[in-house]
Amino acid sequence: MIDDAIRVLAGDCTVIAEDADREEYRGRVTTIVKPDNTVLVHDTDGYQPVAWLTRADSVSSDRTGDFTLVAKKDTQTLRIAAHEQDGFAHYPSSAAGTPVGECPDCGGTLVRSTGVHCVGCGDRYGVPADATIRDDQADCDCGLPRMRVERGLAFDVCLDRGCESLDAAVRQAFDREWACPEPDCDGDLRILRRGGLIAGCEHYPDCDTGFAVPAGVVDGECGCGLPTFETASGVRCLDATCDRALETPVAESTADD
């Protein structure tokens, strides 16, 4: 359910902005208070607000008689007092984004901004920044669109991690696929989630070797023995600090000594 709202206050107001200096304005203005406590006071002159406070620490208002509003951040204070009120309202709001499909729960439009959310019911789905939302009608059985994400291979999974898990798909493909590169360790690298997907040694904490799984497709083997990935910025080793990604590993000789 959408619980964010934009507050709109309009009327003949006195606006006082205080910091190192004090500025006072009077006019018929419209004040917008965004969900992140950004306060914008607009008049009819130009596109820039006549006064504003970005992401205030606190915003308080009083509608006894005509409205008053006080916003504070550090040493800044913005005060708005209405002499004559034209309107005071709350409107549901959400982030705007690119339409990517239809919500199977309410029929609303799914849009992508920082993640994917429904503008109707507010359902939200976390999406990796590099994911491509498929628009070829290949929806999941649950009705949600599918996304293409590269993590060693190109995976097509549902937007809802609870329906189809990207982690499980990567784990099935690469768990124990690579050996730990530490010379005195006989462990394999397991696919784990530690903030993001990592390939970490199974002997942790005795061996704390671990590498973030990059966005890209495995395309070979690094000179250090770990896999290389074809990424948007070029070929790189699973170990982001390794500088041997373009080396060709030396194959073991099968000839008789």
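Patches are made of residues with over 30% relative accessible area and no salt bridge, with like charges joined within 9 Å. A salt bridge is a Lys or Arg side-chain nitrogen within 4 Å of an Asp or Glu carboxyl oxygen. Accessible areas use the Shrake-Rupley method with a 1.4 Å probe.

The model is predicted: local features need pLDDT of at least 70, and side-chain atom pairs count only at pLDDT 80 or more. Residues are numbered from 1 along each chain.

**Exercise 1.** Find which residues gather in the patch of negative charge on the surface, then place Asp19.

Solution. Asp and Glu count as negative. The patch brings together Asp19, Asp21, Glu23, Asp57 and Asp74. Asp19 lies in the loop between β1 (5–18) and β2 (22–33). Strands are DSSP runs of E, at least two residues long. Asp19 has 45% relative accessibility, so it counts as partly exposed; that class lies between buried (under 20%) and exposed (over 50%).

**Exercise 2.** Describe the pairing of strands β8 and β9.

Solution. Strands pair if DSSP finds at least two bridges between them. Here β8 (residues 98–102) and β9 (residues 109–112) run antiparallel, joined by 4 bridges. Thr98 faces Arg112. The hairpin has 6 residues between its strands, and Gly107 in the turn shows a positive phi of about 80°.

**Exercise 3.** Work out which strands pair with β16 and why β16 is largely enclosed.

Solution. First, β15 (residues 189–194) pairs with β16 in the antiparallel sense over 6 bridges. Leu189 stands opposite Cys201. Gly195, in their hairpin, has a positive phi near 85°. Next, 3 bridges join β16 to antiparallel β17 (residues 210–212). There Gly200 is opposite Gly210. Finally, β16 (residues 196–201) is largely enclosed by the rest of the structure because 5 of its 6 residues are buried.

Technical notes. Heavy atoms only, no water. Patch = residues over 30% accessible without salt bridge, like charges linked within 9 Å, V, L, I, M, F, W, Y side chains within 5 Å. Charge placed at Lys NZ, Arg CZ, Asp CG, Glu CD. Buried < 20%, exposed > 50% of the residue type's maximum accessible area, 1.4 Å probe, protein only.
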